[in-house]
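Hi everyone, thanks for coming. I'd like to walk you through a structure today, so have a look at the screen while I talk.

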Amino acid sequence: MTQTIQTTRDDHLIAWFTALAITIHIAESALPSPLPGVKPGLANVVTLIVLCRYGWRMAVWVALLRVLIGSVLLGTFLSPTFFLSLSGALAGVTALGLGWAVSRAVPGWALGPLGLGLLAALAHMTGQFWTAYVLFIPHPALLHLFPPLMTLAAVLGIVSGVLTRSVLARLNSDPSASMVKKK
Amino acid sequence: MKHWLTKGDWLVLIATLLLVPSLYAAYWHGSGQGLEARVWVDGKPWARLDLFHVQHLDVPGVLGVSHLEIGNGQVRFTDSPCQNRQCIHTGWLSEGGDVAACLPNRVSVQIMADDPRFDSINF
């Protein structure tokens, strides 16, 4: 007896976007980083695009699957890097969830890609830093790194917001980019 | 997508601009202005100085006399009978935990504060 799993349109979208995010995630991991925990976070642009086009639930799937599968492919699964990455992603999607909820509840104060990107980047860094501090290096001297890291996070968050906005503008203006065919 | 930034974006942006400098204020503070300095000679406490009492002090060290200038919440070496004048180049000290020392002359000065920046320093 064969069983087939019914997949929905959303499943396919999640899979495609996750694949795209993982590709960026891995490409980015090859870049040298000046400080541990500092990455351009371009994979988060994919999360932001999914959020703006398909909502928060899909964005959470893409963000968390990206961290999970990305770490398996890079060989960092269950290593400190993985937990830093995971806690960052969890904090990021939580912040995006709050931002998204506010945007829906109070449309006058809705956040655009830039606000969401900035919010997510700051939350991401905070979550990551908290994990690093509590789990790995519980030394007060580490706290001195927090302000400069948050400064970088803010800058990179704005950059990812700007990128997201320009990608979204292209997707929205391109009729062939409607729904599933995103390539 | 009409505008670059929505009202909500501005709110987040302004909140960030307030948050980031306040983080520097919160985590990068020194231990504050010291009120008192201690002088050691040859490993023994030699004097406690009020940093706001303007004075010039001659400290008899192992090699000779080191001169200290104190006042306005600061202290510095102005002269010392050593070769490379490390202690003088250290300049003014004012924050809790700051140290200047003339090792050849065995004279050192440290600013005291409630919350010293360092527990101890080894050279």
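Let's start in chain B, where B:Gln55 has B:Ile70 of β4(B) as its bridge partner. This is a predicted model, by the way, so please keep that in mind throughout. The two strands involved here are β3, residues 55-60, and β4, residues 65-71, of chain B; they run antiparallel and are joined by six bridges. Between β3(B) and β4(B) the chain makes a hairpin, with four residues linking the strands.

There is another hairpin in chain B, made by β1(B) and β2(B), and that one has two residues between the strands. Which residue there takes a positive phi? That would be B:Asp42, with a phi near 50°. The strands on either side, β1 (residues 36-41) and β2(B), pair in the antiparallel sense over six bridges. If you want to follow the register on your screen, find B:Ala37, which stands opposite B:Leu49 in β2(B). Then go to B:Val39, whose bridge partner in β2(B) is B:Ala47.

Now zoom out a little. β1(B) and β2(B) belong to an open sheet of four strands, in the order β2-β1-β7-β6 of chain B, with antiparallel pairing. Why do two of these strands have one side without a neighbour in the sheet? It is because β2 (44-50) and β6 (99-102) of chain B stand at the edges, so each has a single partner strand. From one strand to the next, the twist averages 20°.

Let's move over to chain A. Its secondary structure comes to six helices and zero strands, so reading from the N terminus you simply get α-α-α-α-α-α. Chain A has 183 residues, and 37% of them count as buried. If you take the contacts in chain A with a separation of 6 or more, 77% are between residues 24 or more positions apart.

I'd like to spend a moment on α1(A), and how it sits against two other helices. How are helix α1 (residues 9-29) and helix α2 (residues 43-54) of chain A packed? Their axes are 7 Å apart, at an angle of about 160°. That angle makes α1(A) roughly antiparallel to α2(A), since anything over 145 degrees counts that way. The crossing of α1(A) past α2(A) is right-handed. On the α1(A) side, the residues that meet α2(A) include A:Leu13, A:Phe17 and A:Ile24; across from them in α2(A) are residues including A:Val46, A:Val50 and A:Tyr54. Sorted by class, this contact has nine nonpolar, two polar and one charged residues.

The other partner is α3(A). Here the axes of α1(A) and α3(A) are 8 Å apart, and the angle is about 45°. That makes α1(A) oblique to α3(A). This crossing is right-handed. Among the residues making the contact are A:Ile14, A:Thr18 and A:Ile22 of α1(A), together with A:Trp61, A:Leu65 and A:Ile69 of α3(A). The residues of the contact between α1(A) and α3(A) divide into 13 nonpolar, four polar and two charged. If you look for A:Phe17, you'll find it among the residues of α1(A) that meet α2(A) and also among those that touch α3(A).

While we're at α3(A), residues 56-74, let me point out A:Val67, which has its place in that helix. Is A:Val67 buried or exposed? There are 26 other C-beta atoms within 10 Å of it, so A:Val67 is buried. Leaving aside residues up to four places away in sequence, A:Val67 touches A:Ser85, A:Leu86 and A:Ala89. As for A:Ser87, 20 residues away along the chain, its C-alpha atom is separated from that of A:Val67 by 9.8 Å.

To finish, let's put the two chains together. How many residues does each chain give to the contact? Chain A supplies 21 residues and chain B supplies 15. On the side of chain A that touches chain B, the elements giving two or more residues are α5 (113-136) and α6 (146-173). The largest share there, eight residues, comes from α6(A). By class, that side of chain A divides into 14 nonpolar, seven polar and no charged residues.

That's my tour, so over to you for questions.

Notes
Residues numbered from 1 in each chain as written. Chains lettered and ligands numbered in written order. Predicted model: local features only at pLDDT ≥ 70, side-chain atom pairs only at ≥ 80, totals over all residues. Axes fitted to C-alpha atoms, helices over the stretch in contact; angles between N-to-C directions. Parallel < 35°, antiparallel > 145°, perpendicular 65-115°, else oblique. Left-handed = near helix turned anticlockwise from the far one by under 90°. Contact = placed C-beta atoms within 7 Å. Nonpolar A, V, L, I, M, F, W, Y, C, P; charged D, E, K, R; others polar. Pairing = 2+ DSSP bridges. Buried ≥ 20, exposed ≤ 12 C-beta atoms within 10 Å, placed from the backbone.
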